[in-house]
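Here is a short tour of the fold for anyone about to work with this protein at the bench. Keep the structure viewer open and follow along from the core outwards.

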Amino acid sequence: MKLLHIDSSILGEHSITRDLSAHIVSTLTAENPGLAVTHVDLASSPLEHLSSAHLAAAHGALAAEELKADLAAGQKALEDFLAADVIVVGAPMYNFSVPSQLKAWIDRLAVAGKTFSYSEGKGPEGLCGGKKLIVASSRGGLFSEGTPAAALDHQEAYLKTLFGFLGVTDISFVRAEGIAMGEEARNQAVATAKNNASALVG
C-alpha cells in the first residue's frame with residue numbers, strides 16, 4: 001500500500017498542519033508497517049502556477065527549455081497521486097482558502113482523461129475512486145459548521161469539492177481551529193486534533 005504525504009504550510013517547524021500531518025502518517029505507518037510513504041514539501045519544492053506556456057505544452061506545443069523541469073515535476077506529482085492508496089494533506093487556511101502552493105499542486109492533478117472525464121449525456125465522472133484522503137487542517141478562527149463564520153470556509157469546502165470531483169469520496173478532516181485565539185486555545189485545539197487523528201486512523 002502506498003501513502004502520499006503532502007505538506008503546504010510556509011511556517012516550517014512552527015506549522016500546526018505539518019505537526020498534525022506527521023502525526024497522522026506516523027500513526028498510519030505504525031498500524032501498517034509495510035506502508036510505502038512518499039513525502040512532498042510544496043513550500044520548499046513548489047510547482048509553478050499554470051501559465052499559457054503550460055497549456056500550450058499540454059496540447060503538444062514544444063515546451064521552452066526553462067519549463068521542462070517544471071513539466072516533469074508536474075507529471076511526477078500526477079503519477080504519485082494516481083499511485084497512492086492514501087493521501088495525507090497538510091492544508092492550513094490562508095485568507096479563507098488554501099495556500100497557493102497547494103492550489104498549484106492540485107492544478108496538476110485535475111487532468112481530463114487521467115483523474116476525471118466527461119461523457120456524453122452524463123457529464124463529469126471522477127476516475128480516482130478507492131483512494132482515502134485525510135486532510136490535516138488548521139484555522140486561526142472558528143469556521144466549522146454551525147459557527148457564525150462557517151460561510152467563509154473556502155478551504156475545507158474547496159478540498160472536499162475538488163477531490164470529490166476527482167472521484168475521491170473517502171475524505172476525513174483532522175481539524176485544529178481557533179489557534180489564533182490565545183495560547184490555551186491553540187494548545188487545546190492541537191491536542192484535540194491529535195486525539196481525533198489517533199481515533200480516526202488507529
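In what order do the strands of the open sheet lie, and is their pairing parallel or antiparallel? The five strands are arranged β2-β1-β3-β6-β7, and they pair in parallel. Please keep in mind that you are looking at a predicted model. The points below begin with the whole chain, move on to the sheet and its helices, and end with a few residues worth finding on screen.

**The chain as a whole**

- The protein chain holds six helices and seven strands.
- Reading from the N terminus, these elements follow one another as β-α-β-α-α-β-α-β-β-β-α-β-α.
- The radius of gyration is 17 Å, which agrees with the value near 17 Å for a compact globule of 202 residues.
- Along its principal axes, the box filled by the C-alpha atoms is roughly 55 × 40 × 35 Å.
- Of the 202 residues in the protein chain, 42% are buried.
- The chain exposes an accessible surface of about 10,300 Å², and carbon and sulfur atoms contribute 54% of that area.
- Among contacts with a separation of 6 or more, 76% are between residues 24 or more positions apart.

**The open sheet**

- As a general reminder, strands of a sheet pair through backbone hydrogen bonds, and they can do so in a parallel or an antiparallel way.
- In the order β2-β1-β3-β6-β7, the two ends of the open sheet are β2 and β7.
- Strand β2 (36-41) and strand β7 (170-177) each have a single partner strand, so one side of each has no neighbour in the sheet.
- On average, neighbouring strands of this sheet are turned by 15° against each other, with direction ignored.
- Strand β6, which covers residues 132-139, runs parallel to β7 and is joined to it by eight bridges.
- To find this pairing on screen, look for Val135, which stands opposite Phe173 in β7.

**Helices packed on the sheet**

- Helix α4 (residues 100-109) packs on the sheet, where it touches β1 (2-7) and β3 (86-92).
- The direction of helix α4 makes an angle of about 145° with that of β3.
- Helix α5, made of residues 156-165, lies across three strands, namely β3, β6 and β7.
- Relative to β7, helix α5 runs at about 165°.

**A buried glutamate in helix α5**

- Glu156 belongs to helix α5, and with a relative accessible area of 6% it is buried.
- Which side chains make polar contacts with the side chain of Glu156? One is that of Ser137, at 2.7 Å, and another is that of Arg139, at 3.1 Å.
- Leaving out residues up to four places away in sequence, Glu156 touches Ser137, Arg139, Phe173 and Arg175.
- Phe173 is thus a landmark to look for twice, as it stands opposite Val135 and also touches Glu156.

**A buried serine in a loop**

- Ser144 sits in the loop between β6 and α5.
- Is Ser144 buried or exposed? Its relative accessible area is 18%, and because the cut-off for buried is under 20%, Ser144 counts as buried.
- The side chain of Ser144 reaches the side chain of Glu177 through a polar contact of 2.7 Å.
- Beyond residues up to four places away in sequence, Ser144 touches Arg139, Ala150, Arg175 and Glu177.
- Arg139 and Arg175 are touched by Ser144, and both are touched by Glu156 too.

**The β4-β5 hairpin**

- Strands β4 (residues 116-119) and β5 (residues 123-126) pair in the antiparallel sense, with four bridges between them.
- Tyr118 has Pro124 in β5 as its bridge partner.
- Three residues separate the two strands of this hairpin, and Gly121 in the turn has a positive phi of about 85°.

**Unusual backbone angles between β3 and α4**

- Most residues other than glycine have a negative phi.
- Asn95, in the loop between β3 and α4, is not a glycine and yet has a positive phi of about 50°.
- Asn95 is exposed, with a relative accessible area of 77%.
- Phe96 is found in the loop between β3 and α4, and it has a positive phi of about 75° without being a glycine.
- Phe96 counts as partly exposed, at 37% relative accessibility.

Conventions. Residues are numbered from 1 along each chain as its sequence is written. This is a predicted model: local features need pLDDT of at least 70, side-chain atom pairs count only at pLDDT 80 or more; totals for chains, interfaces and linings use all residues. Side-chain values use heavy atoms; hydrogens and water are left out. Two strands pair if DSSP finds at least two bridges between them. Axes are lines fitted to C-alpha atoms, for helices over the stretch in contact, and angles run from 0 to 180 degrees between N-to-C directions. Contact means heavy atoms within 4.5 Å. The radius of gyration is taken over C-alpha atoms; the globule rule is 2.2 Å times the number of residues to the power 0.38. Buried means under 20% relative accessible area, exposed over 50%, partly exposed in between (1.4 Å probe, protein chains only). Accessible areas come from the Shrake-Rupley method with a 1.4 Å probe; for residues, only the protein chains shown count as cover. A polar contact is a pair of N or O atoms within 3.5 Å; within protein, one must be able to donate a hydrogen and the other to accept it, and residues adjacent in sequence count only if both atoms are side-chain atoms.
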